[in-house]
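Open the model in your viewer and keep the sequence panel visible. The stops below go from one helix outward to the domains and then to the ligand.

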Amino acid sequence: MAAQPTTQPIGVRRSVCLQGFTTWKVGGPAEWFAEPGSQAELIRLAAWATSAGLPWRCIGAGSNLLIADGGLAGLTLCNRRLQGSHSDSQDGWVEAEAGEPIPTLARKAAKAGLHGLEWAVGIPGTVGGAVVMNAGAQGGCTADWLHSVRLLDPSRPDQPFSLEARDLDFAYRHSRLQAEPLVVLSARFRLAAGHDPAEITARTSANLHSRTSTQPYQQPSCGSVFRNPEPRKAGQLIEALGLKGLSVGGAQVSALHANFIVNTGNAQASDIDALILLVQERVHREHGITLHTEVKRLGFEGLDVLRPGP
Ligand SMILES: Cc1cc2nc3c(=O)[nH]c(=O)nc-3n(C[C@H](O)[C@H](O)[C@H](O)COP(=O)(O)OP(=O)(O)OC[C@H]3O[C@@H](n4cnc5c(N)ncnc54)[C@H](O)[C@@H]3O)c2cc1C
């Protein structure tokens with residue numbers, strides 16, 4: 001367990017249940033928790049945690065996270081209050097805070113006649129999470145339109161710096177930020193200007209409709225649990241084994257989309273974790289393919305030995 005700080009800054013709360021901060025609605029308590037409302041506050045809190053010897057991490061909308069029932073040691077900073085963006089409809093530049101919901105950004109861009117983010121409307125994450133995950137859908141992804149990011153290095157919290165998209169090693173659902181402890185403070189996109197706002201808005205809405213009619217948006221989930229083992233689709237491999245509806249406790253392989261695991265109401269993180277492992281074992285046994293998780297597991301340290309990593 002980390003060292004215990006004697007005093008905590010304003011806004012930092014102790015032992016906060018994280019269920020409400022993930023779209024799966026599971027997870028234990030954060031030892032320390034805060035939702036900074038500005039980049040300056042985030043930097044101040046990160047500096048406090050570092051000087052107190054606490055481990056710390058940032059989360060966005062928690063839409064790609066499985067947080068263990070035992071919770072997370074140290075400080076968890078949730079960026080979802082760090083919202084805001086501005087765009088230039090003439091030249092296509094868009095700058096967004098890390099906590100800006102990516103669907104909100106997609107809607108604003110459409111309204112300004114900016115083409116590029118129509119695919120993002122059904123992804124319930126933040127801009128920061130989208131950059132880290134290289135989130136994408138329906139033929140588009142973050143890397144296609146990102147220009148640069150403003151970052152914070154925990155070892156130098158007072159010296160934010162920028163990196164260009166080409167320096168982030170983007171690949172399918174991958175960026176180097178998944179392996180390096182850097183915090184995304186904001187992101188700068190270059191979209192295509194001069195389009196008809198009505199047309200972009202209609203395309204954006206159509207994308208959302210096609211998602212919500214084929215995926216279980218009404219139940220708590222984290223979207224696709226497994227990365228597609230290209231050229232195969234994880235959902236098809238799972239469905240072919242008749243695993244739709246397979247349950248462990250309150251966790252169930254969705255009947256609508258086999259790459260989704262839904263919380264049917266009272267799931268524990270351990271149920272979801274056990275179901276992930278069960279699906280991985282069955283797919284490996286029957287198809288000879290190892291499915292790697294797209295979802296990030298937090299707080300499972302020491303329990304990862306059997307797990308094929310992302
Ligand atoms: C219904 C549903 C549908 C989905 N559909 C898609 C889809 O089509 N395509 C797709 O790619 N994803 C999809 N997802 C998954 C998820 O929405 C994306 O991965 C999203 O980009 C995660 O963003 P987030 O803000 O929720 O990040 P979180 O889940 O909070 O965090 C994800 C990772 O990023 C890190 N992180 C978050 N913010 C920061 C930051 N500011 N700085 C540094 N690290 C940070 C976290 O520590 C964690 O490692 C879906 C999820 C749901 C629930």
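Two residues are taken to be in contact, or packed together, if their C-beta atoms, placed from the backbone, lie within 7 Å. The model you are looking at is predicted.

**Stop 1: helix H1**

Select residues 39–51, which form helix H1. The helix has 13 residues. From its first C-alpha to its last it reaches 18 Å, close to the 18 Å expected at 1.5 Å a residue.

Now show the side chains of Leu42, Leu45, Ala46, Trp48 and Ala49, which are buried in H1. Look down the helix axis: the buried residues fall within an arc of 160 degrees, so they line one face of H1. In general, an α-helix has 3.6 residues a turn, so residues three or four places apart point the same way. On the other side of H1, select Ala40 and Ser51, which are exposed.

Which strands do the buried residues of H1 pack against? Add E2 (29–34), E3, E5 (72–78), E10 (146–152) and E12 to the selection; these are the strands in question.

Then move to glycine 53, which follows H1. The phi of this glycine is positive, near 75 degrees.

**Stop 2: the domains**

Colour the chain by domain: domain 1 is 13–78, domain 2 is 85–214 and domain 3 is 234–298. The centres of domain 1 and domain 2, taken over C-alpha atoms, are separated by 22 Å. Where these two touch, the contact takes 11 residues from domain 1 and 14 residues from domain 2.

Which element gives the largest share of the side of domain 1 that touches domain 2? Go back to H1, which supplies five residues there. By class, this side of domain 1 has five nonpolar, six polar and no charged residues.

**Stop 3: the ligand**

Select the ligand and the 32 residues around it. Gly60, Gly125, Gly128, Gly129 and Gly223 come nearest. The shell is made up of 16 nonpolar, 13 polar and three charged residues.

Next, highlight strand E3 (56–59), helix H3 (127–133), strand E8 (136–137) and strand E12 (183–190), each of which supplies at least two residues of the shell. H3 gives the largest share, five residues. E3 and E12 were also selected at the first stop, as strands that the buried residues of H1 pack against.

Last, bring back the domain colours: the shell around the ligand draws at least three residues from each of domain 1 and domain 2.

Methods. Residues numbered from 1 in each chain as written. Predicted model: local features only at pLDDT ≥ 70, side-chain atom pairs only at ≥ 80, totals over all residues. Near = placed C-beta within 6 Å. Helix = DSSP H or I, 4+ residues; strand = E, 2+ residues; numbered from the N terminus. Nonpolar A, V, L, I, M, F, W, Y, C, P; charged D, E, K, R; others polar. Domains from an automatic or database assignment. Expected span 1.5 Å × (residues − 1). Buried ≥ 20, exposed ≤ 12 C-beta atoms within 10 Å, placed from the backbone. Arc of directions from axis to C-beta.
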